Each structure stands twice: as structure tokens, then as C-alpha cells.
Amino acid sequence: MLEVRNLKKYYQLKAGIFKKQVGFVHAVDGISFNVKKGETLGLVGESGCGKTTAGLTILRLIEPTAGEVFFEGKDIFKATKKEMRTFRRELQIIFQDPYSSLNPRMTVYDIVSEPLKVHGLARKKNEKTEKVSQLIKKAGLSPHEHMHRYPHEFSGGQRQRIGIARALATNPKLIIADEPVSSIDVSVRAQILNLLQDLKKEFRLTMLFISHDLSVVKHVCNRVAVMYVGKIVEIAKTKDLYNNPQHPYSEVLLSAIPVPNPKIRRKRILLRGEVPTPVNPPLGCRFHPRCSYAEPACEKVEPKLINIGGPDEHLVACHLRK
Amino acid sequence: MNKTILQIKDLKTYFYTDAGIAKAVDELNLKIERKETLGLIGESGSGKTVTALSILRLVPFPGRITGEILFHGENLLEKSEEEMRSVRGGNIAMIFQDPMTSLNPVYTIGNQISEAIELHQDLDRLEVNKNVIDMLKKVGIPDAATRQRDYPHQFSGGMRQRVMIAMALSCNPELLIADEATTNLDVTVQAEVLELMKNLKEEFGSSILLITHDLGVVAEMSDKVAVLYAGKLMEFCDVETAFMAPQHPYLEALLESIPRLDVDKERLDAIAGTVPELVNPPQGCRFHPRCKYAKEICNKQEPQLIEIEPGHSSACLRVDEIYH
């Protein structure tokens with residue numbers, strides 16, 4: 001349904017009074033993946049690995065440097081203004097921070113009805129009100145009580161519900177959820193995750209779920225793609241990835257998560273060194289300076305993403321897995 | 001010899017705001033033994049940070065602290081401001097949540113750590129400097145002698161948190177308060193910092209008050225667990241009991257609501273409702289509006305923390321009916 005091919009986003013790095021260009025931040029550096037209809041694909045990685053940039057670029061909320069993104073076979077980056085309007089209706093995003101992604105001067109009604117207005121989905125006033133109250137109800141808020149309030153009157157979890165209602169307003173086919181629960185209280189997180197799950201079923205949504213929290217991703221996603229410094233290092237079915245990670249980085253990442261069970265004392269792989277900067281990523285495999293299995297070849301040749309799982313599609317970019 | 005190093009008795013920290021009295025911490029009783037790590041679990045607004053700030057008497061206006069905070073049997077709330085200053089950073093040190101804002105950007109790392117050492121120990125400059133470099137080495141900063149001349153912005157988040165830990169441990173505190181010390185870090189960096197804290201605890205023999213909302217971190221680090229909800233202590237027990245056989249509906253519900261790596265679940269058991277506000281907390285048990293076991297009595301009578309078995313206390317009116 002969504003196919004991303006060799007997507008790149010470089011930011012120019014400028015310095016000095018003449019703003020001379022001194023280099024590039026390789027935020028997203030040639031990633032390819034696809035999201036199948038009805039599935040939830042998780043995009044995980046640590047801060048600065050480019051996962052959010054990837055999400056925003058796919059929606060053309062920031063312009064890509066290179067690459068192609070096909071949505072239902074049509075290239076989003078070559079779309080005309082008019083075609084883009086359709087894409088914007090069918091692709092929606094839920095943002096990480098429910099505090100800054102809602103306009104404090106708009107009521108819930110204004111916020112949720114805006115996409116309807118923009119896309120001309122409900123022309124008459126009562127039609128609009130009807131639709132908005134339906135959406136608010138679907139998101140687990142009460143139309144009667146909440147519709148005419150302002151965002152500051154709500155808690156984090158409730159604000160995220162407003163964000164979800166807004167995303168659903170245009171009846172989208174694909175939703176990109178960028179860290180939708182990471183700024184929400186632990187006891188409320190489950191509500192939002194359950195809500196997303198229910199709505200996904202009801203609206204037959206496809207989802208790209210961007211997160212750094214591997215426990216959440218395991219719960220929500222069918223397949224998971226792991227990113228490291230602008231590159232995808234592994235894509236596999238959730239179960240395969242968590243039980244049998246093939247890339248050394250995925251292995252480290254999974255071993256690092258503290259498990260809420262004091263009886264399980266897991267062996268932890270600690271990493272050497274620091275995350276490299278995306279300005280000057282290491283040559284060859286980007287993980288090689290920190291990898292405990294690194295071989296001479298890893299320093300020179302960049303590994304390609306290859307399938308080692310047969311029909312189950314387990315893609316990994318590592319020289320040692322051939 | 002007395003093994004308890006910190007005992008909190010009937011601590012009440014109230015904020016007298018225009019909207020009313022916010023009871024951020026209400027009648028809290030806690031004990032930390034020597035060389036013990038106590039995990040303090042709670043969500044935002046549960047009073048865990050205010051508890052930490054109360055111990056160090058750093059609660060901002062309009063907060064007021066009453067009760068007793070006994071550190072080696074001496075009440076910190078009765079000490080003069082000057083005496084407190086030698087306690088802070090000396091006997092009790094704190095690592096804050098945000099390593100970006102808690103370091104001063106215009107001083108070098110070495111400067112900031114030596115300030116802490118100079119304040120609490122009588123050493124000459126060379127010795128201080130040697131200590132600084134030693135500490136930085138201990139927390140795993142490579143090339144410590146050169147890096148101590150760097151400024152905070154030249155360090156990454158994980159490195160800054162290490163610097164904070166070095167600073168906190170530089171005077172060999174008996175109690176280290178870590179307030180969400182790893183929350184903003186990436187998991188791989190968090191793993192390193194947790195490992196570091198464990199090792200340093202062994203080496204220095206300090207006790208740790210570990211404040212976090214991450215149940216995984218608590219399970220891994222703590223010996224005992226205290227659960228706060230809306231300013232009230234709900235449950236207190238050792239770590240295995242907390243995760244295997246909790247005896248308060250809040251902790252039970254919390255454990256069931258989180259997605260976990262070690263358990264597969266089709267659907268999460270969400271806790272209904274939201275975290276209550278502190279100015280007007282629910283009557284009776286503060287958790288009752290969200291509790292699946294709540295009965296009429298729960299919104300009338302406020303539960304007391306009672307010991308249900310040695311070393312395990314719970315503040316639930318129906319604890320006998322639910323868990324026995």
C-alpha cells in the first residue's frame with residue numbers, strides 16, 4: 001500500500017557569516033520499505049536515528065532530498081497540488097506531543113472540524129456538528145461535555161484523543177503515528193493503545209508506528225523496521241525480530257530494555273562508544289565502530305538489506321548474515 | 001548499630017495556591033536502610049519529585065513541609081539553612097531528571113564538579129583536581145583529564161548524565177536521590193547508566209532513592225518498592241513481592257496495563273479514567289474512581305497504610321477481601 005524507495009533527507013549544514021555550506025546532516029539516508037494494507041509497521045530506533053524525519057518526509061511535510069514514495073501505486077513526490085490534496089486526506093499523522101500539536105486558541109470542535117472544512121467533507125453546519133461529535137465519541141471523549149472546550153482544559157491522554165479524532169476526520173487509509181504515547185502517563189497509556197487498536201480495526205487502517213519504546217512496538221506492530229543513524233538495519237515480523245534478532249544492533253537494543261520482572265536478570269550487551277553523528281557517519285556499516293562482531297569488511301563496504309528469512313521476509317543489513 | 005539511614009514520618013508537603021491547597025505529598029511514611037535501593041514508583045503528579053525535594057528542603061514557594069525527615073536520627077526539617085547546605089551534596093546528593101538544564105552551561109565540567117568537592121571537603125586544589133579526574137574516570141568518561149575542561153554542550157545526553165552522577169558521587173554521599181535519572185536517555189544509554197549506578201553503589205556503599213515511572217527500571221534496580229498515587233503511599237514491599245504478588249489494586253492494575261517484552265497479550269487491561277488533580281482529590285481512597293474493586297466504602301473512608309505481612313504494607317480498605 002505504501003512503498004518507500006531509497007528515501008533520503010539531507011539537511012544542509014551552514015557555518016560562518018556567509019552561511020557557507022560546510023556539510024550535510026544525513027538524517028535519512030536511503031531507506032526502503034513497504035507497508036502492506038491493514039498492517040502496522042513499527043519504525044524503531046534511538047533519538048536522532050531519523051525515524052521522525054522519515055515519517056514527515058513520507059507525508060511531504062518536509063521535502064525529501066531524493067527517493068520515491070508510492071501510495072497505492074502513485075508517486076507522492078511527483079504529485080501535483082491537486083493530487084496532493086487527495087493524498088493529504090488519505091494519509092494522516094498523529095503527533096508525539098499532544099501539548100504543542102493542538103492550537104491553544106481553537107476549541108475541540110474547531111480542531112476536529114478543520115480537516116472537514118479544508119477538504120470540503122461536510123458543507124452544512126449540522127452535518128459538520130454531527131460528524132465532529134461522532135469522531136469525538138469514537139476517540140473516547142464526550143461530545144456533550146468536551147466539544148466546546150480548549151486544549152488546556154484536558155489532560156495529556158485526552159489531548160492525544162483529540163489528536164486522534166482530528167486524524168480520523170478525513171477518513172484516512174493510512175495513519176502515521178509518531179510516538180503517540182511517549183508523553184502520556186503510564187496508567188493512561190494502555191487506554192490510548194487500546195483505542196488505536198480498536199479504531200484500526202473499525203476503520204481498517206494501515207499504520208506506520210514510529211516509536212523508541214520497544215515494549216510498546218512489540219504490542220502494537222505486525223512488522224518492525226529498526227533504524228540506526230539514518231539507515232534501516234533490519235526489517236522482520238515482530239515475533240521473528242524479538243525472538244531472533246539478526247542484526248547486532250537490534251540484539252543490543254532488545255537486550256537493553258529493562259523488563260518489569262525482578263526474577264529475570266538478563267544478560268545485557270553494553271555498547272562501546274557513542275552514537276555517531278549523522279553529519280559524518282562511519283564508512284561501511286554504520287554500526288561497525290560499536291559492533292562486537294565487526295570484521296575488516298564492515299569498515300569498507302556498506303552492507304545491503306537482504307532477505308534471509310525466505311517467504312517470511314526477514315531483511316537484515318549485515319555482512320555476517322549471508 | 002542503626003541500619004536505617006533515612007526515615008520519613010508523616011511528611012506533608014502542601015502547596016498553598018490560589019486555587020486551593022494542593023496536597024502534593026500527604027502523610028508519607030518511608031524508611032531507607034543502609035545500602036538499599038528503594039524504588040519510588042509514581043506517575044506525573046503523584047508526588048515523587050516533591051518527596052525528593054522535601055528531603056533536601058528544596059521545595060519551592062508556595063510549598064510548605066511538615067512532619068519529620070530523620071537522617072541518622074536527626075530531623076532535617078529542624079536544621080538551619082547552613083547545616084542543610086552541608087547535607088545537600090555532602091551526605092545526600094541528587095541527580096536530576098534533565099541533564100541538559102541541570103548543568104551550568106558557562107562553566108566547564110571540571111569546574112562544576114570541583115565546586116561540589118571544595119564545598120564539602122577540605123582539600124587543596126591539586127587534590128581536588130585529582131578527585132575530579134578520578135570521578136570522571138569512574139563514571140566511564142574516556143580521556144577524563146582533557147574532557148574535564150569541556151563545557152556541558154560538548155557532551156551528549158548520556159555523557160552529561162554521567163557527569164551529573166560523578167558530581168553527585170564526588171563527596172561520597174550516604175544517600176543518592178536519582179529523580180528519573182534515565183528517563184530522557186535512549187535505551188542503550190540507559191542500560192549503561194543503570195549498570196554504572198549499580199557498580200558505584202557497590203563501590204561506595206550508598207543507599208539510593210530511585211524515582212521513576214518505569215517499572216522495568218524499578219524491577220531491575222531496587223530492593224524495595226514504594227508506590228505513590230496522588231500524594232499518598234499506596235503500597236510498600238520488597239521488589240519481588242511488588243511484581244509477583246502486589247496487594248494494592250493500583251499496583252496490580254499498573255502491572256497489567258503496561259505492554260511488556262516478557263509477556264504476550266492480545267489486549268492491554270487499561271486503567272479507566274485519568275490521574276486526579278491534587279487540589280481536589282477524590283474523597284476516601286484516592287484511587288477509588290479508577291479501581292475495579294471499588295465498593296461504596298471506598299469513597300467514604302480513607303484507607304490507612306497497614307502492614308499485612310512483615311515488610312509489606314498496603315493502603316486498601318478491601319485488601320483482605322481481594323487478596324486473601
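1. Two strands count as paired here if DSSP finds at least two bridges between them. Keep that cut-off in mind for the hairpin in chain B, because two bridges are just what strand 4 and strand 5 (residues 74-75) of that chain have, in the antiparallel sense. One thing to say up front: this is a predicted model.

2. On to the hairpin itself. Strand 4 and strand 5 of chain B have two residues between them, and in this hairpin His72(B) takes a positive phi near 50°. For orientation, Leu70(B) stands opposite Asn75(B) of strand 5. If you want a spot to look at by eye, I would pick His72(B) and its positive phi.

3. Strand 4 of chain B (residues 63-71) also runs antiparallel to strand 1 (residues 4-17) of that chain, and eight bridges join them. A handy register mark is Thr13(B), which faces Ile65(B) in strand 4. In general, strands of a sheet pair through backbone hydrogen bonds, either parallel or antiparallel.

4. How are the strands ordered in the open sheet of chain A? Four of them line up as 2-1-4-5, with antiparallel pairing. Strand 2 (20-35) and strand 5 (74-75) are at the edges with a single partner each, so one side of each has no neighbour in the sheet. Further in, strand 1 and strand 4 (residues 66-71) of chain A are antiparallel over five bridges. Leu2(A) has Phe71(A) of strand 4 as its bridge partner.

5. Now a residue from that sheet: Lys8(A), in strand 1 (residues 2-15) of chain A. Why does Lys8(A) count as partly exposed? Its relative accessibility is 25%, and the partly exposed class takes in what lies between 20% and 50%. Beyond its sequence neighbours within four places, Lys8(A) touches Val28(A), Asp29(A) and Gly30(A), and also Pro64(A), Thr65(A) and Ala66(A). Ile257(A), 249 residues away from Lys8(A) in sequence, is 29 Å off, C-alpha to C-alpha.

6. Is Thr212(B) buried or exposed? Buried, because its relative accessible area is 4% and the limit is under 20%. Thr212(B) belongs to strand 8 (residues 207-212) of chain B. A polar atom of the Thr212(B) side chain lies 2.9 Å from the backbone nitrogen of Asp214(B). Outside four places in sequence, Thr212(B) is in contact with Leu40(B), Ile41(B), Gly42(B), Lys48(B), Glu180(B) and Val218(B).

7. Then the interface. Contacts involve 43 residues of chain B and 39 of chain A. The two chains bury about 3,700 Å² between them, with 57% of that on carbon and sulfur atoms. Two salt bridges cross between the chains. One I would check is Lys218(A) with Asp264(B), whose closest N and O atoms are 2.9 Å apart. There are also 16 residue pairs in polar contact between chain B and chain A, both partners at pLDDT 80 or more.

8. Which elements of chain B give two or more residues to the side that touches chain A? They are helix 7 (187-204), helix 8 (215-221), helix 9 (239-244) and helix 10 (249-257). Helix 7 gives the most, with eight residues. By type, this side of chain B splits into 21 nonpolar, nine polar and 13 charged residues.

How values were computed: Residues are numbered from 1 along each chain as its sequence is written. Chains are lettered from A and ligands numbered from 1 in the order in which they are written. This is a predicted model: local features need pLDDT of at least 70, side-chain atom pairs count only at pLDDT 80 or more; totals for chains, interfaces and linings use all residues. Side-chain values use heavy atoms; hydrogens and water are left out. Contact means heavy atoms within 4.5 Å. Buried area is the accessible area (1.4 Å probe) that two parts lose on being put together, summed over both. A salt bridge is a side-chain nitrogen of Lys or Arg within 4 Å of a carboxyl oxygen of Asp or Glu. A polar contact is a pair of N or O atoms within 3.5 Å; within protein, one must be able to donate a hydrogen and the other to accept it, and residues adjacent in sequence count only if both atoms are side-chain atoms. Helices (H or I, at least four residues) and strands (E, at least two) are DSSP runs, numbered from the N terminus. Ala, Val, Leu, Ile, Met, Phe, Trp, Tyr, Cys and Pro count as nonpolar, Asp, Glu, Lys and Arg as charged, and the others, Gly among them, as polar. Buried means under 20% relative accessible area, exposed over 50%, partly exposed in between (1.4 Å probe, protein chains only).
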